[in-house]
Amino acid sequence: MVISTFFLVVSAATASAAPCDLRSDMGARELHEVLAQRAVELVGTAARSDAESRDRLDQLIDPDAAFGLGAGDVGRPMGSGAEGARAVVALMKADRYRYLGWDYMDGPVDACGEHEASIEFIASADRQVYPVTFHFHNGRVVEAKGWSRSFREGALP
């Protein structure tokens with residue numbers, strides 16, 4: 001578990017009535033991969049400002065999702081929906097990502113129910129990592145929380 005005093009918050013009180021675009025026959029392993037990739041896509045798409053990216057963000061994010069980025073123990077609201085996502089992504093400046101695979105038993109799952117996927121976004125130049133847990137409902141992001149952590153890496157002696 002990563003503990004930090006710097007955090008990212010994305011939340012929504014309720015998921016909108018948007019139809020779910022996920023297949024109903026997905027197993028847990030496939031769903032985990034699809035949702036993790038949606039979270040990665042959200043961050044990459046929010047870094048762009050063209051019309052296509054605006055449309056895609058509207059599909060990925062519940063319009064009521066509130067975005068905030070805090071420092072220390074003080075939160076800062078960054079807006080909601082696509083604009084909130086863009087504000088947070090601009091501050092993270094991530095250029096890489098990492099997430100763990102589904103290494104558990106596979107099984108049936110309600111793809112359009114509530115699920116989560118945890119992704120680490122990495123800002124290599126700043127040596128910061130942002131572990132973020134995205135919560136989904138109907139295949140859309142309705143909440144995410146994360147932290148900013150400094151890191152060091154190198155070869156073993």
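Which residue forms a salt bridge with K93? In this predicted model, the partner is D126, and the closest N and O atoms of the two side chains are 3.3 Å apart. K93 sits in the loop between α3 and β4 (96-98), while D126 sits in the loop between β5 and β6, so the contact ties together parts that are 33 residues apart in sequence. K93 counts as exposed because its relative accessible area is 52%. D126 has a relative accessible area of 38% and is partly exposed. The backbone of K93 also deserves a note: its phi is near 55°, a positive value in a residue other than glycine.

**Salt bridges**

Side chains of opposite charge can pair when their charged atoms come close. The structure holds 9 salt bridges, and the table gives some of them.

| Pair | Closest N and O atoms |
|---|---|
| R23 and D25 | 2.8 Å |
| E83 and R86 | 3.2 Å |
| K93 and D126 | 3.3 Å |

The pair of E83 and R86 belongs to helix α3 (residues 81-92), where the two residues are 3 apart and therefore separated by about one helical turn. What is the accessibility of E83, buried or exposed? E83 is exposed, at 52% relative accessibility. Its partner R86 has a relative accessible area of 12% and is buried, since buried means under 20%.

D25 is exposed, with 58% relative accessibility, and R23 is partly exposed at 41%. These two residues are linked with E30 in a network of salt bridges.

**The disulfide**

The model has 1 disulfide. Which residue does the disulfide join to C20? The bond runs from C20 to C112, with an S to S distance of 1.9 Å. The angle about the S-S bond is -85°, and the link of C20 and C112 is left-handed. C20 lies in the loop between β1 (7-11) and α1, and C112 lies in the loop between β4 and β5, so the disulfide ties together parts that are 92 residues apart in sequence. C20 is partly exposed, at 24% relative accessibility.

**Aromatic pairs**

A pair of aromatic rings is described by the distance of the centres and the angle of the planes. The count of aromatic pairs is 3. One of them is formed by Y97 and Y99, whose ring centres are 6.1 Å apart and whose planes meet at 15°, so the pair is stacked; planes under 30 degrees apart count as stacked. Y97 is partly exposed at 40% relative accessibility, whereas Y99 is buried at 19%.

How is the aromatic pair of F121 and F134 arranged, centre to centre and between the planes? The centres of F121 and F134 are 6.1 Å apart and the planes stand at 80°, which makes the pair edge-to-face, because planes over 60 degrees apart count as such. F121 is in strand β5 (residues 114-123) and F134 is in strand β6 (residues 128-137), 13 residues apart, and the pair links distant parts of the chain. F121 and F134 are both buried.

**The largest pocket**

Strands β5 and β6 appear again here, with α1 (28-46): these are the elements that give two or more residues to the lining of the largest pocket. The space in this pocket is about 580 Å³. Which residues lie closest to the centre of the largest pocket? Of the 24 residues in the lining, the closest to the centre are L100, A117, S118, I119 and T133. Strand β5 provides the largest share of the lining, 6 residues. By class, the lining has 15 nonpolar residues, 5 polar residues and 4 charged residues.

**A further positive phi**

N138 has a phi near 55°, a positive value in a residue other than glycine. N138 is in the loop between β6 and β7 (140-147). With a relative accessible area of 17%, N138 is buried. K93, described above with its phi near 55°, lies in the loop between α3 and β4 and is exposed at 52% relative accessibility.

Definitions and conventions:
Residues are numbered from 1 along each chain as its sequence is written. This is a predicted model: local features need pLDDT of at least 70, side-chain atom pairs count only at pLDDT 80 or more; totals for chains, interfaces and linings use all residues. Side-chain values use heavy atoms; hydrogens and water are left out. Rings of Phe, Tyr and Trp (its six-membered ring) pair if their centres lie within 6.5 Å; planes under 30 degrees apart count as stacked, over 60 as edge-to-face and the rest as tilted. Buried means under 20% relative accessible area, exposed over 50%, partly exposed in between (1.4 Å probe, protein chains only). Helices (H or I, at least four residues) and strands (E, at least two) are DSSP runs, numbered from the N terminus. On a 1 Å grid over the protein atoms alone, a cavity is a set of points where a 1.4 Å probe fits but cannot get out, and a pocket is an open set with protein on both sides within 12 Å along at least five of seven lines; lining residues have an atom within 4 Å of a point. Grid points are joined across faces, edges and corners, and a volume is the space filled by probe spheres set on the points. Ala, Val, Leu, Ile, Met, Phe, Trp, Tyr, Cys and Pro count as nonpolar, Asp, Glu, Lys and Arg as charged, and the others, Gly among them, as polar. A salt bridge is a side-chain nitrogen of Lys or Arg within 4 Å of a carboxyl oxygen of Asp or Glu. A disulfide is a pair of cysteine sulfur atoms within 2.5 Å.
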